[in-house]
Amino acid sequence: MLHIIDDEEVIRDSLMWLAKSRGIPAVAYDSGKAFLATLDNISRATPQGQCVLLDVRMPDVSGIALFDLLSSRSMTQLFPVIFLTGHGDVPMAVDTLKRGAFDFFEKPFNDNKLMDRVQEALSASEQASASAAIHTRLAALSLREREVLDLILEGKMNKVIADKLGISMRTVEVHRAHIFDKMNVKTAVELARLLK
């Protein structure tokens, strides 16, 4: 989902049209406050990749302030930010890129180059989202389940795992079932692919 945040209606409409022409789902906001009002719902409810096209200068919350807020919440990997500005200068662009912005475009911009970068940002966001989901699942494992997981990934059979950890084979089977359930996989091969 592309989030277009710009206080100029003509720019928002143009960017919405561009996104639609590339088959990119998009929503437009006329201010940083409008985006912030929906941010928690977006981050919880939207599994697909995200990208924020953000105007640098806006009256209520500037693009830089909004970017700083996303950065402080460690959200710039899940919501890569591409800045747009009609008043850009090289130091501002360099600074935002050093601080984690995905890219920086000056108005007027090349439509195709901008949309290519949006698609790259959406892909990066999807990868970051998948990685975060895996880390969340791993964090749900108990210490013993993590030990069993490591041995499964080494290709050890249940009997070897039981001997190594000093537990019964039945206990290993229960841990294995919990691991597969929590990691949302059905086989050790799927588990290995997920965590490679």
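Here is a walk through this predicted model, one selection at a time.

Before you click, note that residues are numbered from 1 along each chain as its sequence is written, and that side-chain values use heavy atoms, with hydrogens and water left out. Local features need pLDDT of at least 70 and side-chain atom pairs count only at pLDDT 80 or more, while totals for chains, interfaces and linings use all residues.

**Stop 1: the parallel strands**

Select residues 2–5, strand E1, together with residues 26–29, strand E2; the two run parallel and are joined by four bridges. Element names here are DSSP runs numbered from the N terminus: helices are H or I with at least four residues, strands are E with at least two. Strands count as paired if DSSP finds at least two bridges between them. Show His3 and you will find Val27 of E2 opposite. To get from E1 to E2, the chain goes through helix H1 (residues 9–21) in a right-handed β-α-β crossover. Right-handed means that, with the strands pointing away from the viewer, the path from the first strand over the helix to the second runs clockwise.

Now add E3, residues 51–55. E1 and E3 also pair in the parallel sense, over four bridges, with Ile5 opposite Leu54. On to E4, residues 81–85: E3 and E4 are parallel too, with four bridges, and Leu54 stands opposite Phe83. The chain takes the route through H3 from E3 to E4, and this β-α-β crossover is right-handed as well.

**Stop 2: strand E3 and two cores**

Stay on E3 and color by accessibility. Five of its five residues are buried, so the strand is largely enclosed by the rest of the structure. Buried here means under 20% relative accessible area, exposed over 50%, and partly exposed in between (1.4 Å probe, protein chains only). Which way do the side chains go? Cys51, Leu53 and Asp55 point one way, Val52 and Leu54 the other.

Next, select Ile5, Phe35, Val52, Leu54, Phe79, Val81 and Phe83: in the largest nonpolar core, which has 21 residues, these touch the most other members. Such a core is a set of buried Ala, Val, Leu, Ile, Met, Phe, Trp, Tyr and Cys residues joined through side-chain atoms within 4.5 Å. Elements giving two or more residues to this core include helix H2 (32–45) and helix H4 (90–98). Apart from it lies another core, of 18 residues, among them Cys51, Leu53, Phe105 and Met115.

Zoom in on Val52. Leaving aside neighbours within four places in sequence, Val52 is in contact (heavy atoms within 4.5 Å) with His3, Ile5, Phe35, Phe79, Pro80, Val81 and Ile82.

**Stop 3: helix H8**

Jump to residues 169–183. Helix H8 has 15 residues and spans 21 Å from its first C-alpha to its last, close to the 21 Å expected at 1.5 Å a residue; the expected span is 1.5 Å times one less than the number of residues. Highlight Val172, His175, Arg176, Ile179, Phe180 and Met183, which are buried. Look down the axis: the buried residues fall within an arc of 135 degrees, so they line one face of the helix. That arc is taken from the directions from the helix axis to the C-beta atoms. The face turned away from the buried side carries the exposed Arg170 and Asp181. What do the buried residues pack against? Bring up helices H5 (111–139), H6 (143–153), H7 (158–165) and H9 (188–195).

Pick His175, buried at 15% relative accessible area. Beyond four places in sequence, His175 touches Arg144, Glu145, Val148 and Ile167. Follow it to Glu145, in helix H6, which is buried with a relative accessible area of 4%. Again not counting neighbours within four places, Glu145 contacts Ala140, His175, His178, Ile179 and Lys182.

**Stop 4: backbone oddities**

Most residues other than glycine have a negative phi, and most peptide bonds are trans. Select Asn184, in the loop between H8 and H9: its phi is positive, near 60 degrees, and it is exposed at 59% relative accessible area. Ser74, in the loop between H3 and E4, also has a positive phi, near 55 degrees, and counts as exposed at 62%.

Last, go to the loop between E5 and H5, where Pro108 lies. A cis peptide bond joins Lys107 and Pro108, with omega about -5 degrees.
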